[in-house]
Structure formats: C-alpha cells, structure tokens
Amino acid sequence: MASASYDARRGELTTYFDRTAVEAWSRLTSDAPVSRIRATVRAGRDAMRATLLSWLPADMTGLRLLDAGCGTGALSVEAARRGAEVVAIDVSPTLIGLAQERLPAIAGAGRIDFRVGDMLDPGLGRFDHVVAMDSLIHYRAADIARALAVLGARTDGSVLFTVAPRTALLTVMHAVGKFFPRGDRSPAIVPVTEGGLRRRIASEKALDPFAWTQSHRINSGFYLSNAVALTRTLPPPADGTGSPAVPGVRP
Ligand SMILES: C[S@@+](CC[C@H](N)C(=O)[O-])C[C@H]1O[C@@H](n2cnc3c(N)ncnc32)[C@H](O)[C@@H]1O
C-alpha cells in the first residue's frame, strides 16, 4: 500500500509533468537546442540511460520490462530494440502521448505497451526487470523504499533505479537553482544519503531476496544522480508475495 505522502507527491508530479513542464520536458528529451544549463542535464541523462541499459541483458527477447515513470520513452525504445516486451507507464497522459508520437519502428520481437497510470499498479503483472530512471527522485526516502519493495515483489530479475545523492554540492546547487529563471527549475527532488537508503531498503521485508549489486554516480553540470541495481538472489515464493522463499530467514 502506498502512503498518503506518496499519493500526494504523485498528484503534484502529475500536474508538473502533464502541464507546467510539458514544453520544457518535450524539448529536453528531443534534439532541439537548449540552454547551457539544460545541455548539461541532457548529457547527464543520456549517460544515466546508457548506464542503466548497460546493466540489462544485451538480448532481452521474451523478457518483460517495466519502465516505471517512462516520460517520453527513450529507455523503453532501447529495451524494445533488444527484444524486450516493455510496459511503459507514466502518470502524465501528455508525456505518454508524446512518447507514442515519437515511437520509431522497432525491428524484431520487441514491443512497447504504453500506459497512463501509477507505476505501482498491481494490474501491471510480473516483470523480469524494472527500471525507474529519475522517477523516484521526487519522493521521500521512506516512499522510495516502499515503492522499491512493491516493485521488487513483482520482479524476478533486477530493479534498477536512480536517487539524488545528498551531498554538500547538491545542497549548494539547490540553493543556486532558486535563482534560475522559472523555466529552468525542476520540481523539488528529495536528496537521500546512501546510508539512509540502504537502511530503509534493509528494513523492507519484500527486498530481503534482493542484493544491492551495483551503483554508479553520474555528475554532469547540473545533473547529479546515483544509479542503483537491486538484483534478486532468492527466487520468489510460489504464493507470489515476494517474501523470502527460505524458511527461517526471518522470524
Ligand atoms: C524526471 S521524469 C523521468 C522520465 C524518464 N524516466 C526519463 O528518464 O526520461 C520523471 C517521470 O516520472 C513520472 N512519475 C512520477 N511518479 C510516477 C508514478 N508514481 N507513476 C508513474 N509515473 C510517475 C513523471 O510523470 C515523469 O514523467
């Protein structure tokens, strides 16, 4: 069950990504010229997408991938090109519309099922891999861990996600960011410490079968984000709850 703060934040993000920032987001995710500030963000995001994709199998034929908070769908397209059956979901109907408009022809078996809605919707089914690129960065640490637990319980392979690292530099950048022209501001992101995030993940029972296997920081001008891979090390239980299959692991 998602918390009230998760639901409230999702509502704010829907307004932001469906109305306030649609133009800016459409431009940032295209090849159109952008400000110098945004060019650093675009380069950072390209590097982040490449990092996350490098942690997924080269051949994804027959594998189900959830692109959780897919935006305009760039990562979904790359996964589909590898043969994945992608469910690409976003709370912004406008961004989903844009993703569908931009969808190139995909050669091979890969396909993308675009949906408008919440990434935690249980109706989406089970996945081999889940990627949440820069979509959980807007939520409180407790809600990030809860969302990862919900997603993990439905995932047989790995859950890849990004968080905004809480560093002194980022704190300064946020302060400086307040002086940016309105159009260059992003919605509030919630920086988290790695230690705090690890503790919260460790306290989520549904994530017991997962190990923190990789992390990588991308720092490109005004883009600073940490990628993390949680990889399933124990099979899901037959009852589909996502809890450890090993008896006695936890009282
Ligand atoms: C910063 S954008 C990143 C989009 C995309 N992953 C990318 O990297 O290009 C964050 C996206 O997450 C979406 N989002 C936020 N919370 C969501 C939720 N609970 N369910 C689905 N989408 C969500 C927003 O609408 C927005 O499009």
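How many C-beta neighbours does I37 have inside 10 Å, and is the residue buried, exposed or partly exposed? In this predicted model, I37 belongs to helix α3, which covers residues 36-54. The count for I37 is 15 C-beta neighbours inside 10 Å, and because a residue is called buried at 20 or more and exposed at 12 or fewer, I37 counts as partly exposed. The surroundings of I37 also include a residue from far along the sequence, since F222 is 185 residues away in sequence, yet the C-alpha atoms of I37 and F222 are 6.5 Å apart in space.

A second place to look is helix α6, which runs over residues 141-153. With 13 residues at 1.5 Å a residue, this helix should span 18 Å, and its end C-alpha atoms are indeed 18 Å apart, so the expected and computed values agree. Helix α6 is mostly covered, with 11 of its 13 residues buried; among them are D143, R146, L148 and G152.

From there the reader can turn to the ligand, which is surrounded by 18 residues, the closest being F17, G69, G71, M119 and S135. Two elements, helix α1 (4-20) and strand β2 (85-90), each give two or more residues to this shell, and α1 gives the most, with three residues. Sorted by class, the shell around the ligand is made up of nine nonpolar, five polar and four charged residues.

Note on methods. Residues are numbered from 1 along each chain as its sequence is written. This is a predicted model: local features need pLDDT of at least 70, side-chain atom pairs count only at pLDDT 80 or more; totals for chains, interfaces and linings use all residues. A residue is near a molecule or strand if its C-beta atom, placed from the backbone, lies within 6 Å of it. Helices (H or I, at least four residues) and strands (E, at least two) are DSSP runs, numbered from the N terminus. Ala, Val, Leu, Ile, Met, Phe, Trp, Tyr, Cys and Pro count as nonpolar, Asp, Glu, Lys and Arg as charged, and the others, Gly among them, as polar. The expected span of a helix is 1.5 Å times one less than its number of residues.
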